[in-house]
Amino acid sequence: MKTNAARLLDKLGIPYQILSYEVDPDDLAAESTAQKVGLPAEQVFKTLVVRGDTTGICFAVVPGNAQLDLKALARISGNRKVETVALKEVQPLTGYIRGGVTALASKKDYPVYLDETATLFEQITVSGGMRGMLLLLSPDDYLRAVKGTLGAIVQN
């Protein structure tokens, strides 16, 4: 099944692979998803929806086993302060539900910040726009597709 995220990659001529997995609605953690697809958690990236005090909504894309560093994201995104948005706001803002959020083909083209550890891998996975589907692609292609910025945005 093709999602809008996969269709966007097709339109841009970006090669990718779809990885499917069994969804447990009670456990949507990136670490669990990584186990299900047989990849290390640091290669399975989760997409967080964040609001900056100056620039508004943006996406932070970080490894599944890492915590977003809000201060680092604020600096790189030109904000004094950022905070993750409330879960109830995620779907109205992005068109996606928790466990299926992706910056690819979101309702709006919000700025995207990808943690620099993505470049340690030839390919990373991001959500395909629905629960149970990941897209495997190169970090460079992902950045090109979302017009993203690479930076150090996880806690050490």
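In the hairpin of S6 and S7, five residues lie between the strands, and glycine 129 takes a positive phi near 100 degrees. The model is predicted. The two strands of this hairpin pair in the antiparallel sense over four bridges, with S7 covering residues 133–137. Two of the pairings can be named. Valine 126 stands opposite leucine 135 in S7. Serine 127 has leucine 134 in S7 as its bridge partner.

S6 and S7 belong to an open sheet of three strands. The order is S1-S7-S6, and the pairing is antiparallel. Strand S1 (17–20) and strand S6 (124–127) stand at the edges. Each has a single partner strand, so one side of each is left without a neighbour in the sheet. On average, and with direction ignored, neighbouring strands of this sheet are turned by 35 degrees against each other. In a regular strand, side chains alternate between the two faces of the sheet.

A further set of pairings involves S2. S2 and strand S3 (residues 56–63) pair in the antiparallel sense over eight bridges. A hairpin joins S2 to S3 through three residues. S2 also pairs with strand S4 (residues 82–84), again in the antiparallel sense, over three bridges. Glycine 52 takes part in both pairings. In S3, glycine 56 stands opposite glycine 52. In S4, valine 82 stands opposite glycine 52.

S2 also contributes to a pocket. The largest pocket holds about 680 Å³ of space. Its lining consists of 33 residues. Lys46, Thr47, Leu48, Arg98 and Gly99 are the closest to its centre. The elements that give two or more residues to this lining are helix H2 (30–37), strand S2 (45–52) and helix H4 (87–94). S2 provides the largest share, five residues. By class, 16 lining residues are nonpolar, nine are polar and eight are charged.

The second largest pocket holds about 170 Å³ of space. It is lined by 14 residues. Leu8, Asp109, Ala145, Val146 and Lys147 lie nearest its centre. Helix H1 (4–12) and helix H5 (139–146) each supply at least two residues of this lining. The largest share comes from H5, with three residues. The class make-up is ten nonpolar, no polar and four charged residues. For both pockets, the underlying idea is general: rolling a probe the size of a water molecule over the atoms shows where empty space is left.

H5 is mostly covered, with six of its eight residues buried. The buried residues of H5 are Pro139, Asp141, Tyr142, Leu143, Ala145 and Val146. Among these, Ala145 and Val146 also appear among the residues nearest the centre of the second largest pocket. The cover over the buried residues of H5 includes H1, S3, strand S5 (112–115), S6, S7 and strand S8 (149–151). H1 thus has two roles here: H1 is part of the cover over H5, and H1 supplies at least two residues to the lining of the second largest pocket.

Backbone angles were examined next. Most residues other than glycine have a negative phi. Lysine 147 has a positive phi of about 55 degrees although it is not a glycine. This residue follows H5 and has its place in the loop between H5 and S8. With a relative accessibility of 67%, lysine 147 counts as exposed, because the cut-off for exposed is over 50%. Lys147 also lies among the residues nearest the centre of the second largest pocket.

Alanine 105 likewise has a positive phi, near 60 degrees, and is not a glycine. Alanine 105 lies in the loop between H4 and S5. Its relative accessible area is 28%, so alanine 105 is partly exposed, between the cut-offs of 20% and 50%.

Methods: Residues are numbered from 1 along each chain as its sequence is written. This is a predicted model: local features need pLDDT of at least 70, side-chain atom pairs count only at pLDDT 80 or more; totals for chains, interfaces and linings use all residues. Side-chain values use heavy atoms; hydrogens and water are left out. On a 1 Å grid over the protein atoms alone, a cavity is a set of points where a 1.4 Å probe fits but cannot get out, and a pocket is an open set with protein on both sides within 12 Å along at least five of seven lines; lining residues have an atom within 4 Å of a point. Grid points are joined across faces, edges and corners, and a volume is the space filled by probe spheres set on the points. Ala, Val, Leu, Ile, Met, Phe, Trp, Tyr, Cys and Pro count as nonpolar, Asp, Glu, Lys and Arg as charged, and the others, Gly among them, as polar. Two strands pair if DSSP finds at least two bridges between them. Axes are lines fitted to C-alpha atoms, for helices over the stretch in contact, and angles run from 0 to 180 degrees between N-to-C directions. Buried means under 20% relative accessible area, exposed over 50%, partly exposed in between (1.4 Å probe, protein chains only). Contact means heavy atoms within 4.5 Å.
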